[in-house]
Amino acid sequence: MGGEPVIPLSLAQIARITGGQLNGDAAALGRGAIVTGEVVIDSRRVGPGGLFAAVAGERSDGHDFASAAVAAGAVAVLATRPVPVPAVIVADVPAALAALARFVVDSLPGAQIAGITGSSGKTSTKDLAAQLVERLGPTIAPAGSFNNEFGLPLTVLRADLATRYLVLELSARGVGHIAHLCRIAPPRYGVVLNVGHAHAGEFGGLDQVALAKGELVEALPAGGVAILNADDPRVLAMASRTAARVVTFSVQSPHGSQPPHGSHPPHGSQSPHGSQSPHGSQSPHGSQPLHRSHPSQQSLPERVPQPSVRAVDVRLDDLGRPSFTLQTPAGSAPVTLRLHGAHNVPNALAAAALAGELGLGLADIADGLCGAVARSRWRMEVRRRADGVMIINDAYNANPESVRAAIEALAHLARDGRGFAVLGHMAELGDTSRARHEETGEFAAQVLGPGLAGLIAVGEEAAPLLAGARRVRSWHGEAVGVPDGPAALDVLANQLKPGDVVLVKASRAAGLEGVAADLLKEADR
């Protein structure tokens with residue numbers, strides 16, 4: 001993916017900006033060779049006037065598609081070696097894209113840049129925030145999870161002279177990664193959602209994850225704003241690492257105390273619902289309040305304000321869509337999200353806090369949250385088949401915290417019926433992988449109890465999920481290990497009946513979105 005550059009750039013300009021050398025047909029390079037279209041790293045997305053950045057990946061080398069890209073309309077190729085078409089030869093393609101993106105940023109001094117990071121929920125929060133900020137003016141935000149050394153500069157390169165806001169998503173697999181992204185597009189606003197176990201194997205532990213995520217607030221100027229999750233102690237501690245003004249947000253329980261720190265309880269703890277069966281009674285209004293048992297909030301550092309953006313009286317409807325009262329310094333407003341899962345409430349608060357700091361009024365924030373849709377696929381997509389079976393496709397990615405959130409959503413949706421969890425492995429957990437998978441399996445059996453009719457672990461790396469579930473002696477559901485997606489479908493064949501709910505979730509490498517798609521097709525066969 002990519003976009004139109006901020007201004008048309010000649011290949012000579014691109015060479016100067018990137019420190020590259022022109023290569024190829026001298027006539028084409030010397031006269032009329034101007035990039036006016038998209039900058040892409042996928043040759044299949046090349047359009048007229050575009051620039052194709054050739055990247056050598058694990059499965060293919062973009063240089064092999066250089067000719068096809070130019071034939072499809074690209075003006076030239078950004079490459080690291082000569083190709084048989086006009087090209088700008090650079091030492092490193094990601095660095096060249098970063099240089100081009102920084103040139104665009106520097107050409108838009110009036111644009112406000114916001115960065116969003118966290119171990120879970122970045123993309124959903126970015127999508128919510130973008131839909132709010134768009135009400136203020138022309139806004140650029142990534143498509144899907146374009147959040148790394150390729151995705152962020154390609155997102156920035158979609159900006160043009162009319163752009164007023166960039167809402168960017170920043171990911172990291174190690175210390176220094178977010179700092180690098182902040183140098184490409186220096187943010188004035190920074191949102192940190194949580195610190196969890198995503199990529200913890202590569203980081204070396206939660207403290208290192210927190211160190212990396214905090215690079216976002218370290219990059220903020222003194223006139224900037226750091227927006228921090230007050231319910232995650234590692235995030236809240238980042239207030240001491242920034243010169244920016246600090247704003248915090250929090251989800252509040254019905255009894256006025258704070259929820260557990262972080263979006264989800266620590267590993268080894270009980271569900272936020274305690275040991276109570278998820279098949280409990282409904283509230284008189286048909287929505288289920290979220291009761292959480294937890295200690296009182298610890299005292300905050302002196303320079304950290306009490307949460308100014310809060311959600312109170314959080315309830316879920318029959319499809320797991322949250323409603324709550326949004327409390328802000330400007331007043332309160334009711335909000336009902338179209339997204340599924342209680343874990344989207346802190347995401348909505350973060351988006352609301354950012355939009356408010358940018359100048360959006362409370363009425364517009366509440367209205368925007370109520371109307372916001374899930375723009376990125378395979379994230380808590382809930383669909384009911386014609387035969388009454390409900391499928392939750394949350395297969396885009398997985399880490400311990402996000403899987404727990406999905407399991408809680410499954411527990412709510414299946415509270416009056418049977419739930420099935422088709423789970424693949426959670427990648428990049430390092431030496432803690434087996435323990436984390438066992439804890440997640442145990443969590444599923446505890447939270448759903450008898451409502452978990454089947455736990456299907458897909459692939460050898462996911463097998464410890466089953467051992468964890470079996471540790472819950474009161475759980476008597478079916479625990480099955482299968483080698484792949486088709487085998488998981490075979491296990492479910494002829495088992496599902498109206499009212500059943502199936503969750504499909506795994507790390508990106510597992511590719512289980514195909515299982516969810518096939519399950520949705522089953523009713524049509």
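**Aromatic rings, a capped helix and loop residues in a predicted model**

A search of the whole structure finds zero aromatic pairs, where rings of Phe, Tyr and Trp (its six-membered ring) would pair if their centres lay within 6.5 Å. The model is predicted, and local features therefore need pLDDT of at least 70, side-chain atom pairs count only at pLDDT 80 or more, and totals for chains, interfaces and linings use all residues. Residues are numbered from 1 along each chain as its sequence is written, and side-chain values use heavy atoms, with hydrogens and water left out.

Two aromatic rings do, however, carry an arginine over them, a charge being placed over a ring if NZ of Lys or CZ of Arg is within 6 Å of the ring centre and within 35 degrees of the ring normal. The charged end of R379 sits 3.8 Å from the centre of the Y396 ring, and R404 lies over the face of F443 at 4.4 Å from the ring centre.

The protein has 18 helices and 23 strands, taken as DSSP runs (helices H or I, at least four residues; strands E, at least two) and numbered from the N terminus. Of its 525 residues, 57% are buried, that is, under 20% relative accessible area with a 1.4 Å probe and protein chains only, whereas exposed means over 50%.

Helix α4 (residues 93–106) has 14 residues and reaches 20 Å from its first C-alpha to its last, close to the 20 Å expected at 1.5 Å a residue, the expected span being 1.5 Å times one less than the number of residues. The N-terminal end of α4 is capped by D92, a side-chain oxygen of which lies 2.8 Å from the backbone nitrogen of A95. Within α4, the buried residues include V93, A96, L97, L100, A101 and V104. In general, an α-helix has 3.6 residues a turn, so residues three or four places apart point the same way.

Several loop residues were also examined. R415, in the loop between α14 (400–413) and β20 (419–423), counts as buried because its relative accessibility is 5%, and its side chain reaches the backbone oxygen of H412 at 2.3 Å. Most residues other than glycine have a negative phi. W378, between α13 (362–371) and β18 (381–384), nevertheless has a positive phi near 65 degrees, and this residue counts as buried at 16% relative accessibility. N494, in the loop between α17 (485–492) and β23 (501–505), likewise has a positive phi, of about 70 degrees, but N494 counts as exposed at 84% relative accessibility.

Definitions and conventions:
A polar contact is a pair of N or O atoms within 3.5 Å; within protein, one must be able to donate a hydrogen and the other to accept it, and residues adjacent in sequence count only if both atoms are side-chain atoms. Rings of Phe, Tyr and Trp (its six-membered ring) pair if their centres lie within 6.5 Å; planes under 30 degrees apart count as stacked, over 60 as edge-to-face and the rest as tilted.
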